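Colleague: Please take a close look at the core of this model and the strands around it, starting from the surface and working inwards. I would like the cut-offs spelled out as you go.

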Amino acid sequence: MNLKLIPFIILLLLLYVNNIFCQKYEDLDKYYGKKDVTLSDYKLKGKIKSFSKTRYDLVGYNRKDSSILETATYYFNPSGFLTFHSDSLYNREREYYTYDGNNRLINIQTILFNPDYSIRNTYKNKFYYIGGLCIKRENYLGDSIASYNTYTYDTINNCIIIKYIDSYDKRTETNTILY
């Protein structure tokens, strides 16, 4: 093996491991309630009312030979907070976002549709705060509570413990975060 390639291989391995770690952290972040709800979360600026995105399943290098996987539309209020999100094709879902007077997310209602656009399920997420910190997120399936998350913070408002309790599957999970 050529010794000149060793630093290059080590660098590739480090980048690969870093990418895996970052992806897992992002998945954990999204799973536990950090939602993209502001224009800045989507890297947007200005008075944007909505935006749409389309994802394609590419066949070769030509978009004409591709099929659409998903289209999504996002609507924002004048303060720049997400109020409505709609996905089509495979997901077929609509999400409605509600905020309190301090622009804190307090409710997300999700409606999932069957292929014939009849309603398959409705989900609600309710958020509870003390000051500016979310301490609890309840997840409802229909009118029944399905699961909930509780959040514990240290003295400088870093989230240090996230506890997840699932009433249907009768399981619990505790995540401890070190800074």
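**From the surface to the core**

Modeller: Tyr56 is partly exposed, with a relative accessible area of 30%; here buried means under 20% relative accessible area, exposed over 50%, and partly exposed in between, with a 1.4 Å probe and protein chains only. This is a predicted model, in which local features need pLDDT of at least 70 and side-chain atom pairs count only at pLDDT 80 or more, while totals for chains, interfaces and linings use all residues. Residues are numbered from 1 along each chain as its sequence is written, and side-chain values use heavy atoms, with hydrogens and water left out.

Tyr56 is found in strand β1, residues 50-59, where strands are DSSP runs (E, at least two residues) numbered from the N terminus. Together with Leu58 and Ile68, Tyr56 forms a nonpolar surface patch with about 270 Å² of accessible area in total. Such a patch is made of residues with over 30% relative accessible area and no salt bridge, its nonpolar side chains (Val, Leu, Ile, Met, Phe, Trp, Tyr) being joined within 5 Å; the salt bridge ruled out here is a side-chain nitrogen of Lys or Arg within 4 Å of a carboxyl oxygen of Asp or Glu, and the areas come from the Shrake-Rupley method with a 1.4 Å probe. Asp57 also has its place in strand β1 and is partly exposed, at 38% relative accessible area. The C-alpha atoms of Asp57 and Ile68 are separated by 6.1 Å, although the two residues are 11 apart along the chain.

Moving inwards, the largest nonpolar core has 16 residues, and those with the most contacts inside it are Val37, Leu82, Tyr97, Tyr99 and Leu105. Strands β2 (62-76), β4, β5 (105-113) and β9 (159-166) each supply at least two residues of this core, with the largest share, 3 residues, coming from β2. By a nonpolar core I mean a set of buried Ala, Val, Leu, Ile, Met, Phe, Trp, Tyr and Cys residues joined through side-chain atoms within 4.5 Å. In soluble globular proteins, nonpolar side chains tend to be buried together.

Strand β4 also holds a charged residue, for Glu95 is placed there, within residues 93-99. Glu95 counts as buried at 8% relative accessibility, and a polar contact of 3.4 Å joins its side chain to that of Thr110; a polar contact is a pair of N or O atoms within 3.5 Å, of which, within protein, one must be able to donate a hydrogen and the other to accept it, and residues adjacent in sequence count only if both atoms are side-chain atoms.

The loop between β4 and β5 contains Asn103, which has a positive phi of about 60° although it is not a glycine. Asn103 counts as partly exposed, at 35% relative accessibility. A comparable description fits Asn157, in the loop between β8 (144-153) and β9, whose phi is positive at about 70° and whose relative accessibility is 48%, so that Asn157 counts as partly exposed.

As for the cysteines, the structure holds 0 disulfides, a disulfide being a pair of cysteine sulfur atoms within 2.5 Å. Cys134 is in no disulfide, and the nearest cysteine sulfur, that of Cys159, is 8.9 Å away. Cys134 is buried at 13% relative accessibility, and Cys159 is buried at 14%.

Technical notes: Patch = residues over 30% accessible without salt bridge, like charges linked within 9 Å, V, L, I, M, F, W, Y side chains within 5 Å. Helix = DSSP H or I, 4+ residues; strand = E, 2+ residues; numbered from the N terminus.
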